[in-house]
Amino acid sequence: MTITEKILAKHAGLKEVVPGELINARVDIALGNDITAPIAIKAFRKIGAKKVFNRKRVVLIPDHFTPNKDIQSAAQCKVLKEFAIEQRLTHYFEGGDVGVEHALLPEKGIVGPGDLVIGADSHTCTYGALGAFSTGVGSTDLAAAMITGKLWFKVPESVKFVFRGRLRKWVSGKDLILRTIGDIGVDGALYRAMEFTGSVIKKLSMDSRLAMCNMAIEAGGKNGIIEPDETTEEYVKRRTERAYKFYSSDRDAEYSDVIEYDCSKIEPQVACPHLPENTKNVTEVGNIPIDQVVIGSCTNGRLEDMQVAARVLKGKKVAKYTRLIVIPATPFIYEESMRRGWFDVFLKAGGVISPPTCGPCLGGHMGVLAAGERAVATTNRNFVGRMGDVKSEVYLTNPAVAAASAVKGRIAHPDEVVR
Amino acid sequence: MKIKGRVWKFGKDIDTDRIIPARYLTTSDPAELAKYCMEDEDPSFSKNVRAGDIIVAGKNFGCGSSREHAPIAIKAAGVGCVVAKSFARIFFRNSFNMGLPILECPEAVGSARTGDIFEVDMASGEIRNVTRKKKFKARPVPPFMQELVRAGGLMKWIKKKGF
């Protein structure tokens, strides 16, 4: 069996499962945010449920329109807060404690290896980087899991992606996943599990692994997953609040497809409008002037991302008429970035530093685009109208390319800025 | 259940931001969401859609966000069902969980033009393009999911089973 099949089987109380099988499985963590949880809470009340299945296992994070951008979004957040108080939820965060959910949960040790996690947010697949089965669902699924602690799943087929060779300079997990989505398309892994493996993954940092698994959904994947190893152990041993278990795929596990990469051929990638599959090498995009750069989100708002952005921006100035917005994804990343002097770098460069929020990624607030404006973002989606006006454009890159682009005022390779 | 209505044909990879943009997600009121349904793809859609009309689309319909607001908006706009070449996974789940009928049938999609009349039999999976006098058979829905639909969605299924 694959790692995905083993975790699903364990949580369904079965010895084994096969792709296509429908199972009812126990959920370790059920997550909702300020957009999706209000609908789930309404459904919870509507069928007469009184108590969540476990107050330590239901997590509510108001991160999308927060700090509340208007009266309506404030009302949605209030629904979460009141429910958290009523149900005495252990994990509810707001204000200076809140962070972007998929950065916050691993960092706080709320999710761990071997877990089965569902979240009413498509990027819940992020936690596969820890060796968990985690997947995005809707609000009704969240309601069902909050009540029963269980949910139905169809066991997915798995596709194995093997990354070998050596990573080039400025190439990160973000580029590997963008290249993959570019090759297989936005439905290339539809209904399937994406297992990332190979010598490059073994050497990859946890932050880069989280960025890769985060974007499995952009290829239609049900989950992204990486077998836990020493890097995982190092990351989880100090933080994970519950006992965890490392699962790994059997040598004879069956995959619907195996796709191999020689990473020494992969350059920093740019996903051009309006789909994450429209990827090109950064050197191939040509002269694209930009109005805004966003470095943050559940994909690339982590410490490693802040570090590389600071490295590129050190002693540099953001181009005139270009806005740079930097969003550390959690209070810890925020404080640590400040402590390490990176805030000085961002501020001196002319950047804006935002508190943790999903804000601009979905055109919410803190950087909405006007018609005709163009942004480079380290976020995960560049759909039509994603960051604002329907006639705006978003280009997805890693933080080094984003920072270099801010300095040049056009899409740029980091080597053009740092020598 | 039989649904008969006019076809609204859309392309491939219609994402959830196009079905209902995030700027409207400060509400979950179905009537309010219906007003903006498909706005970034076809601004005339919500004004001209009639009860029972059918959305017909290419591959990967509903890709992107997990927002249940997408099927909620489609259903509240009066759309009777969605026929696509394929659906994004979360949209697929959400539709069943909240009782929006959807069917995968690449051949029926290929035959359709906006304005055609479709007749869809959810039970048998038979889709008729009445305008072009063609008949298609959709991929069968797994028995468990038929059970969900019969129960009236996931919450009603859970209530029936006891929690």
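Helices (H or I, at least four residues) and strands (E, at least two) are DSSP runs, numbered from the N terminus. The model is predicted: local features need pLDDT of at least 70 and side-chain atom pairs pLDDT 80 or more, while totals for chains, interfaces and linings use all residues. Residues are numbered from 1 along each chain as its sequence is written, chains are lettered from A in the order in which they are written, and side-chain values use heavy atoms, without hydrogens and water.

**Exercise 1.** Determine the span of helix α3(A) and which residue with positive phi follows α3(A).

*Solution.*
1. Helix α3(A) covers residues 71-86, 16 residues in number.
2. From first C-alpha to last, α3(A) reaches 22 Å, close to the 22 Å expected at 1.5 Å a residue; the expected span is 1.5 Å times one less than the number of residues.
3. Arg88(A) follows α3(A) and has a positive phi, near 50°.

**Exercise 2.** Establish how the buried residues of α3(A) are arranged and what they pack against.

*Solution.*
1. Buried means under 20% relative accessible area, exposed over 50%, and partly exposed in between (1.4 Å probe, protein chains only).
2. The buried residues of α3(A) are Ser73(A), Gln76(A), Cys77(A), Leu80(A), Phe83(A) and Ala84(A).
3. Viewed down the axis of α3(A), these buried residues lie within an arc of 120°, so they line one face of the helix; the arc is that of the directions from the helix axis to the C-beta atoms.
4. Ile71(A) and Ile85(A), on the other side of α3(A), are exposed.
5. The partners of the buried residues are β2 (29-33), α2 (37-46), β3 (58-61), β4 (91-92) and α5 (139-148) of chain A, where contact means heavy atoms within 4.5 Å.

**Exercise 3.** Describe the open sheet of chain A that contains β2, β3 and β4.

*Solution.*
1. The sheet has 5 strands in the order β4-β3-β2-β5-β6, with parallel pairing; two strands pair if DSSP finds at least two bridges between them.
2. β4 and β6 (133-136) are the edge strands, each pairing on one side only.
3. Between β2(A) and β3(A) there are 4 bridges, and Gly32(A) stands opposite Leu60(A) in β3(A).

**Exercise 4.** Characterise the surroundings of Thr330(A).

*Solution.*
1. Thr330(A) is found in the loop between β15 (323-326) and α12 (331-339) of chain A.
2. Its relative accessible area is 0%, so Thr330(A) is buried.
3. Not counting residues up to four places away in sequence, Thr330(A) touches Gly99(A), Ala103(A), Leu104(A), Glu107(A) and Pro356(A).
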